[in-house]
Amino acid sequence: MANVTITDVVKNYGSLEVLHGVSASVADGEFVVLVGPSGCGKSTLLRMIAGLESISDGEIEIGDRVVNDLEPKERDIAMVFQSYALYPHMTVRANMAFSLKLARRSKEEIDQMVNRAAEILDLSALLDRYPRQLSGGQRQRVAMGRAIVRNPAVFLFDEPLSNLDAKLRVQMRGEIKALHQRLGATMIYVTHDQMEAMTMGDRIVVMRAGVIEQMGTPLEIYDTPANSFVASFIGSPSMNLIDGIVQNRDGASVLETPDGTTWPLPANARVTAGAAVQLGIRPEHIHLDPAGLVAEPVIIEPTGADTHVQMRVGQQVLTGVFRDRPDIALGDTFHVRPDTSRAHLFDKASGQRL
C-alpha cells in the first residue's frame, strides 16, 4: 500500500487549462472520493495519477516515488473502469489471471491469487463462465477481481457503478466499501453521484471547474460546507439557498427577500445590516409550525419513510423533508419554520461561508 500526494498539478490541452494547480493528499490505506459535476476535472486527475494522461505541471507521488514520467505499468496501480473492459472470449478465471500471466507468474501462484480474489468477491462459482453469462454487477466484480490479483499499491476507480441500475448500485457500493475494509488498501474513487461519495469515502474531495472547492470527511462537508456550491451539491435533496438582504428588526437580524418575506437568522450570525447574503437551510431542517411562515405546496412526493414537499414561501420555491406523513394537499396552505441553529450563511457575491 502507499500514500498519494498531488502537488500543484496543472493539465493543459493546448491553450485550454482544465486543472488549475490542484493539490491533495491520500493517506496510506485511505478511501478518498473525487466528486463533482461533469467536466470538473475529476476523471482527468484520476487518469493523471494512473499515467493515462500527461502532467502539464506539478508533481504526483505514489509512495516515495515521483511518478510524473513513469509508464502506467511502472506505477504499481490497478484501475477499474466504468465499462468493465473484460475480454469477452475469456472466462472469468482467464480475465482475472491475464495480467499475472503477462508478469510471468507461476501457474500455482496465479491459481492461488485468482482463487483468493474470487473468494473475497463471491465469484468462486463463476470462474468458468464467460462475461456474456454474467449480470452487470457480476461483471463489475470480475473487473475488481482483476485489480485485486495484482495486489497494487493504489486502487483507482473511474465511475465503476454508472452502468448499473439503482438497486444494484446500492449493493455494489456496500461491496466496494467492504472490500476496502478487508484489504485496507489505498483507494481513489471518482463519481458524479454525491450519495456514493457520502456513503463510501473516508474523505471527500469536491471539485468544480478544475479546482478543489473543499476536502474533508463526509459529515464535515455536509455540516460545514465551505461555500454555496458545496452546500448545494452535497446532499439530496440539495440545500435550499435563499437570497436576501440583512435587516435589523426589533434588535434581531433577519433576512429580507426581494418579495418582502423575512426569514430569521441564527442568533450568532456575524453579519451587518445591508449585507447581501444567502441563507442555506437543509430540507430536513424545515419544520411544520403553526406560528411559522405561510407555505403553499407545489409538489408532494411521499417516499414511505418521509415526505418531500416542494413549497412556495413568498416567491421562493423550497424543498422540505418531513419525517412523518403530514396532512398536506395541493391547494392547501400550511406553516413552516426553519431550524436557525442548523442554518448556514454565505456571502452572496463570493459564495463563501460566513
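**Exercise 1. Which residues do ring pairs link into a cluster?**

Work through the aromatic rings of this predicted model, and describe two of the pairs.

*Solution.*

Step 1. Start with the count: there are four aromatic pairs under the rule used here.

Step 2. Take F31 and Y189. Their ring centres are 5.9 Å apart and their planes meet at 40°, so this pair is tilted. The cut-offs help here: under 30 degrees would be stacked and over 60 edge-to-face.

Step 3. Place the two residues on the chain. F31 belongs to strand 3 (residues 31–35) and Y189 to strand 8 (residues 186–191), so the pair links distant parts of the chain, 158 residues apart. F31 and Y189 are both buried.

Step 4. Now answer the opening question: F31, F157 and Y189 form the cluster linked by ring pairs.

Step 5. Turn to F229 and F233. Here the ring centres lie 5.6 Å apart with the planes at 20°, so the pair is stacked. Both residues sit in helix 8 (residues 228–233); because they are four residues apart there, about one helical turn separates them. F229 and F233 are each buried.

**Exercise 2. Find the charged residues that lie over the faces of Y13 and Y222, and give their distances from the ring centres.**

*Solution.*

Step 1. At Y13, look for K11: this lysine lies over the ring face, 4.9 Å from the ring centre.

Step 2. At Y222, look for R282, which lies over the ring face at 3.9 Å from the ring centre.

**Exercise 3. Describe the largest cavity: what is its volume, and which residues line it?**

*Solution.*

Step 1. Count first. One cavity of 30 Å³ or more turns up.

Step 2. The volume of the largest cavity is about 40 Å³.

Step 3. Its lining is made by I6, A24, V26, L34, L45, I49 and I188. Strand 2 (16–26) and helix 1 (42–50) are the elements that contribute two or more of these residues.

Step 4. Sort the lining by class: seven residues are nonpolar, with no polar and no charged ones.

**Exercise 4. Describe the two largest pockets by volume, lining and residue class.**

*Solution.*

Step 1. Begin with the largest pocket, whose volume is about 440 Å³. Its lining has 19 residues, and A78, M79, F81, R146 and R150 are the ones nearest the centre.

Step 2. Ask which elements build this lining. At least two residues each come from strand 6 (77–80), helix 2 and helix 4. Strand 6 gives the largest share, with four residues.

Step 3. Sort the lining of the largest pocket by class: 15 residues are nonpolar, one is polar and three are charged.

Step 4. Move on to the second largest pocket, with a volume of about 230 Å³. Its lining includes P266, N268, R270, H344 and R353. By class, this lining divides into six nonpolar, four polar and two charged residues.

**Exercise 5. Which residues of helix 2 are buried, and what covers them?**

*Solution.*

Step 1. Helix 2 spans residues 92–102, and its buried residues are V92, N95, M96, A97 and L100.

Step 2. Look at what covers these buried residues: helix 3 (107–120) and helix 4 (136–148) are included.

Step 3. Follow the chain just past helix 2. There R104 takes a positive phi of about 60°.

**Exercise 6. Inspect the backbone at P237, D76 and A85, and place each residue in its loop.**

*Solution.*

Step 1. At P237, check the peptide bond to S236: the bond is cis, with omega about -5°. P237 is in the loop between helix 8 and strand 11 (240–249).

Step 2. At D76, read phi. The value is positive, near 60°, in a residue other than glycine. D76 belongs to the loop between strand 5 (65–66) and strand 6.

Step 3. Is D76 buried or exposed? The relative accessible area of D76 is 39%, so this residue is partly exposed; the cut-offs are under 20% for buried and over 50% for exposed.

Step 4. Repeat for A85, which is not a glycine and has a positive phi of about 55°. A85 lies in the loop between strand 6 and helix 2. With a relative accessible area of 37%, A85 is partly exposed.

Definitions and conventions. Residues are numbered from 1 along each chain as its sequence is written. This is a predicted model: local features need pLDDT of at least 70, side-chain atom pairs count only at pLDDT 80 or more; totals for chains, interfaces and linings use all residues. Side-chain values use heavy atoms; hydrogens and water are left out. On a 1 Å grid over the protein atoms alone, a cavity is a set of points where a 1.4 Å probe fits but cannot get out, and a pocket is an open set with protein on both sides within 12 Å along at least five of seven lines; lining residues have an atom within 4 Å of a point. Grid points are joined across faces, edges and corners, and a volume is the space filled by probe spheres set on the points. Ala, Val, Leu, Ile, Met, Phe, Trp, Tyr, Cys and Pro count as nonpolar, Asp, Glu, Lys and Arg as charged, and the others, Gly among them, as polar. Buried means under 20% relative accessible area, exposed over 50%, partly exposed in between (1.4 Å probe, protein chains only). Contact means heavy atoms within 4.5 Å. Rings of Phe, Tyr and Trp (its six-membered ring) pair if their centres lie within 6.5 Å; planes under 30 degrees apart count as stacked, over 60 as edge-to-face and the rest as tilted. A charge sits over a ring if NZ of Lys or CZ of Arg is within 6 Å of the ring centre and within 35 degrees of the ring normal.
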